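Some terms used for structures are easier to follow when each is set against its rule. The questions below take a few such terms in turn.

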Amino acid sequence: MLNLSQSQKSFLRACELIPGGVNSPARAFGAVGGNPIFIKHAEGAYLYDIDGNQYIDYVGSWGPMILGHGHPHVVSALQNAIFQGTSFGAPTLAENALAQMVVDAIPSVEMVRFVNSGTEATMSAIRLARGYTGRDMIVKFEGNYHGHADSLLVAAGSAGATLGVPNSPGVTQGTSKDTLVVPYNNPDALRKTFEQFGSKIAAIIFEPVVGNMGCVVPTLDFRNAIFEMRDRHGTIVICDEVMTGFRVAYSGAQSIFGLSPDLTTLGKIIGGGLPVGAYGGRREIMQHVLPAGKVFQAGTLSGNPLAMAAGIATLQALQSTDPYRYLDRLALQLAGGISQAAQKYGVPLCVNRFGSMMTFFFQGGPVSNWTTAAQSDTVRYANFFWGMAERGVYFPCSQFEALFISSAHSEDDIRRTIHAAEETFATLA
Ligand SMILES: *Cc1c(COP(=O)(O)O)cnc(C)c1O
């Protein structure tokens, strides 16, 4: 039995101090039961909790830690940066350097503005699209999560999906009426929406591979329909690569699918574990951002020197080690091994994978949108989650999140994880 007594005690204290005991609902264990595990430190592919338990980490801070924890190049970049000063409220060379790296990596991004989170990136991109087009409405897809800006908190996946709160109290009807929600992977529904509202729609925002209702891959027809609507109706396409950017490929999902969005949002990996987001795209559109243009967007700590240093070091390490083929191979092994184990014990399982992100949906599948994702057996997932935790494997604490592999994971880690899954499935069957 896993000893979590220190975590239990600390969580009770946290609940007195912090709403629900957590600073982000994705960390709460509501969907799997029990209380969150408090982490003390992490190294490479491993997490260590405050009771002294060790876990193979498949959460990776929900995406950023593609190099694993405490990568030496990132740590030494941070050590160097911290002595130069932690924030100046004035431009630095590090901002130029990371901007150059982002522009070089993603051809559709000609200019970029750094912010402090993915939420800020999507919120600002939406404002820019509205300011640029002079239109009010936006289209988002059911089960896609773009952070918690009011206009995007409609039928959002992630913690919202888990908690069954499609709309948060506090988001006004006035705000949500301008957000049109369309099912993912449904080109006909998208076309119908544009037939009705096309001339009023400022932007389509989408996850090019969904991670936030679990991993869901877009069909070719669906991707084409998004860009067809842009060409036909003058709508801005915002590709939300906060999760997929530098994850599924160095140049993001748009490089794999050959997409050329007007705007792209980034986060997670470009901060190397520090708080960073970014939005960028066509120069002609980005020139509308203040002070080049009139669309307001600002941030006291934006382009923060420590965050830039961690981001630059992370992208440098990704360039020099090019881990994507290795990540893909490990991910394939994990997906295949766990699939086989489930089959052996008669546990229905649908594995959706794209590169090093994947989800084990507890159902026969296929899972291609929110309606099908929601048919998963979440109770079984909860039992699986705890079975894995007891065997030293830390998986996402919700059926509707993607798991991530880092370049610090070894083949032996994958083998141990598959073995843990076999033992766990035996208890579920
Ligand atoms: C995580 C995520 C966000 C929000 O980023 P935060 O840094 O948590 O605000 C937005 N979009 C996508 C696709 C994400 O995965």
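Q: By class, what makes up the lining of the second largest cavity?
A: In this predicted model, that lining has four nonpolar, six polar and two charged residues. The residues that line the second largest cavity include Asp 57 and Arg 247. Asp and Arg count as charged, whereas Gly 44, Gly 60 and Gly 68, also in the lining, belong to a residue type counted as polar.

Q: How many cavities of 30 Å³ or more does the structure hold, and what is the volume of the second largest?
A: The structure holds three cavities of 30 Å³ or more. The second largest has a volume of about 60 Å³.

Q: What makes Thr 119 a polar contact of the ligand?
A: A polar contact is a pair of N or O atoms within 3.5 Å. An N or O atom in the side chain of Thr 119 is 2.6 Å from an oxygen atom of the ligand, so the pair meets the cut-off.

Q: How do you know that Asp 240 and Lys 268 also make polar contacts with the ligand?
A: The side chain of Asp 240 has an N or O atom 2.7 Å from a nitrogen atom of the ligand. For Lys 268, a polar side-chain atom lies 2.6 Å from an oxygen atom of the ligand. Both values are within 3.5 Å, so both pairs count as polar contacts. Taken alone, the ligand exposes 380 Å², and the protein buries 83% of that.

Q: Which residues are around the ligand, and how do they divide by class?
A: Among them are Ser 117, Tyr 145, His 146, Glu 207 and Met 243. The shell has three nonpolar, six polar and three charged residues.

Q: Which strand gives the largest share of the lining of the second largest pocket?
A: That strand is β4, with four residues. Both α3 (93–105) and β4 (111–115) supply at least two residues of the lining. The pocket has a volume of about 660 Å³ and is lined by 29 residues, with Glu 95, Val 112, Arg 113, Phe 114 and Ser 302 nearest its centre. By class, the lining divides into 16 nonpolar, 11 polar and two charged residues.

Q: How do you know that β11 and β12 pair?
A: Two strands pair if at least two bridges are found between them. Five bridges join β11 to β12 (residues 357–361), so the condition is met. In one of these bridges, Asn 352 has Thr 359 of β12 as its partner.

Q: Why are β11 and β14 called edge strands?
A: The open sheet has the order β11-β12-β14, with antiparallel pairing. β11 (350–354) and β14 (403–404) each have a single partner strand, so one side of each is left without a neighbour in the sheet.

Note on methods:
Residues numbered from 1 in each chain as written. Predicted model: local features only at pLDDT ≥ 70, side-chain atom pairs only at ≥ 80, totals over all residues. Heavy atoms only, no water. Near = heavy atom within 4 Å. Polar contact = N/O pair within 3.5 Å; in protein donor to acceptor, adjacent residues only side chain to side chain. Areas by Shrake-Rupley, 256 points an atom, 1.4 Å probe, with all protein chains shown as cover. 1 Å grid on protein atoms, 1.4 Å probe; cavity = no way out; pocket = protein on both sides within 12 Å on 5 of 7 lines; lining within 4 Å. Points joined across faces, edges and corners; volume = space filled by probe spheres on them.
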